[in-house]
Structures are given as C-alpha cells and as structure tokens.
Amino acid sequence: MQTATFGGGCFWCTEAVFQALSGVTKVTSGYMGGDLKHPTYMEICNSNTGHAEVVQLIFDETIISFNELLFIFFKTHNPTTLNRQGNDVGSQYRSVIFYENDDQKTQIEQMIAALTQQHIFDKPIITEVVAATEFYEAEDYHQNYFNDNQGKPYCSFVIQPKLNKFAIDFRNKIKPELLE
C-alpha cells in the first residue's frame with residue numbers, strides 16, 4: 001500500500017472523487033503544509049496557518065498507479081488558479097501535492113511537464129509540489145462528507161456535478177459496485 005496527499009480545493013470534493021476509485025482503500029480529509037500544530041477547521045479558515053485542505057489516500061499500486069492518481073487529480077480540479085477553486089477562495093484551497101519520496105516527486109514533475117507540453121490547460125499549471133509534512137486529520141464531520149450529506153446544497157450543486165463529469169471521464173477507474 002502507498003500513500004498520496006493531494007490538495008485540490010475543498011477536501012469534500014476531492015474526497016468524493018478519490019473514494020470512488022478502484023484501488024483506493026482509504027481517503028482521509030485533513031490539513032498539511034502549515035506551521036500550527038493540530039489545527040482546526042476554523043483556524044484554517046480564519047487565520048493564516050499555512051495549511052491546505054488535503055486528502056490523504058492509501059492505495060494499492062497494483063490496481064491504480066500513482067501516475068493515474070496524478071492524472072485524475074489534475075483533471076478534477078483547476079490547477080491553474082492561485083488559492084481558489086470555484087467560489088472557494090483562500091490559501092487553504094490552493095492546488096498542492098505533497099510527495100512522500102523522490103520517485104513521487106519525479107512523477108509529479110513529469111506529469112506537469114507533459115500536461116504543459118500537451119496544452120491541456122489554457123493557463124500555466126501553478127500546483128505546488130512540496131515534500132510531505134505532518135498530516136492532521138480533519139474533524140469527524142468532514143470525513144466521508146459527500147456520502148453522509150448528499151442532500152445539502154453544497155453537495156448537490158458543487159460536488160455532484162463534479163462527480164458526474166468524473167464518472168464520464170474515468171468510468172473505467174470507478175469501483176464496480178458504484179456503477180451498478
């Protein structure tokens with residue numbers, strides 16, 4: 001089993017995408033990249049702790065590769081906007097990948113170079129590539145958010161449309177039981 005940590009805006013959206021993937025066995029919403037020990041959601045949102053909202057994945061590389069996860073990460077958020085994803089604004093919503101080792105760092109750099117060369121995005125990719133630091137698990141009410149709150153407006157109007165597009169683009173990577 002391997003670990004990957006991605007920040008692509010609100011962790012509720014990112015969590016929902018990666019929970020649907022075959023080979024991803026655990027997705028935990030949390031915070032990484034800041035100076036404050038054991039930050040809370042309110043501290044992340046109301047002060048400059050330096051943390052990003054992230055999801056930490058545990059995945060089976062024999063089923064889904066880190067490179068495939070990278071591609072999905074880049075295609076399911078906007079890696080060209082600084083400190084913003086849609087209406088979510090602030091440094092906690094920045095696009096960032098925290099790499100676990102030199103191999104992951106190399107794969108990230110190669111993916112960014114390939115996407116740039118292929119002109120996949122209209123603007124330059126500004127995703128931060130940073131060595132992993134201490135991961136702080138978010139409060140319980142942030143875990144499994146979409147699955148537990150599908151009737152809430154943010155889930156209906158922001159997360160569900162993202163998942164619908166994701167299901168079209170990456171149908172062959174979704175857990176079979178979710179396609180039934």
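**Fold, core packing and cysteines of the predicted model**

W12 and Y145 are both buried. In this predicted model, the two residues form a stacked aromatic pair, with 3.6 Å from centre to centre and 5 degrees between the planes. The pair joins distant parts of the chain, since W12 belongs to helix 1 and Y145 to helix 5 (residues 145-148), 133 residues apart.

The protein chain contains seven helices and eight strands. Its radius of gyration is 15 Å, in agreement with the value near 16 Å for a compact globule of 180 residues. The C-alpha trace spans about 40 × 40 × 35 Å along its principal axes. Of the 180 residues, 48% are buried. Among contacts with a separation of 6 or more, 76% come from residues 24 or more positions apart.

Six strands make up an open sheet of mixed pairing, in the order 7-6-1-3-2-8. Its edges are strand 7 (128-131) and strand 8 (136-137), each of which pairs on one side only. Within the sheet, strand 1 (residues 2-8) and strand 3 (residues 52-59) are antiparallel and are joined by five bridges. One residue of strand 1 is A4, whose bridge partner in strand 3 is L57. Helix 3 (residues 66-75) packs on the sheet, where it touches strand 1, strand 2, strand 3 and strand 6 (95-99). The direction of helix 3 makes about 10 degrees with that of strand 1. Helix 1 (residues 11-19) lies across strand 1, strand 2 (24-32) and strand 3, and runs at about 165 degrees to strand 2.

Helix 1 is mostly covered, with nine of its nine residues buried. These residues are F11, W12, C13, T14, E15, A16, V17, F18 and Q19. The surroundings of A4 were examined in the sheet. A4 is buried because its relative accessibility is 0%, under the 20% limit for that class. Leaving aside residues up to four places away in sequence, A4 touches V55, Q56, L57, F59 and F66. The C-alpha atoms of A4 and F135 are separated by 11 Å, and the two residues are 131 residues apart along the chain.

Aromatic contacts were searched over the whole structure, and 11 aromatic pairs were found. The rings of F6 and F18 have centres 5.3 Å apart and planes at 20 degrees, so this pair is classed as stacked. It connects distant parts of the chain, with F6 in strand 1 and F18 in helix 1, 12 residues apart. F6 counts as buried at 0% relative accessibility, and F18 is buried with a relative accessible area of 0%. Both residues belong to a cluster in which ring pairs link F6, F18, F59, F66, F73 and F74. Two members of this cluster, F59 and F66, are among the residues that A4 touches.

The search for disulfides over the whole structure finds zero. C13 is in no disulfide, and the nearest cysteine sulfur, that of C10, is 4.8 Å away. A disulfide requires sulfur atoms within 2.5 Å. C13 is buried, at 6% relative accessibility. For C155, the closest cysteine sulfur is in C13 at 8.3 Å, which is too far for a bond. C155 is also buried, because its relative accessibility is 0%.

Backbone geometry was considered at two loop positions. Most residues other than glycine have a negative phi. N83, by contrast, has a positive phi, near 55 degrees. This residue lies in the loop between helix 3 and strand 4 (84-85), and at 24% relative accessibility N83 counts as partly exposed. A positive phi near 55 degrees is also found at N144, in the loop between strand 8 and helix 5. N144 counts as partly exposed, with a relative accessibility of 26%.

Notes:
Residues numbered from 1 in each chain as written. Predicted model: local features only at pLDDT ≥ 70, side-chain atom pairs only at ≥ 80, totals over all residues. Heavy atoms only, no water. Buried < 20%, exposed > 50% of the residue type's maximum accessible area, 1.4 Å probe, protein only. Pairing = 2+ DSSP bridges. Helix = DSSP H or I, 4+ residues; strand = E, 2+ residues; numbered from the N terminus. Contact = heavy atoms within 4.5 Å. Axes fitted to C-alpha atoms, helices over the stretch in contact; angles between N-to-C directions. Phe/Tyr/Trp six-rings, centres within 6.5 Å; stacked < 30°, edge-to-face > 60°. Rg over C-alpha atoms; globule rule 2.2 N^0.38 Å.
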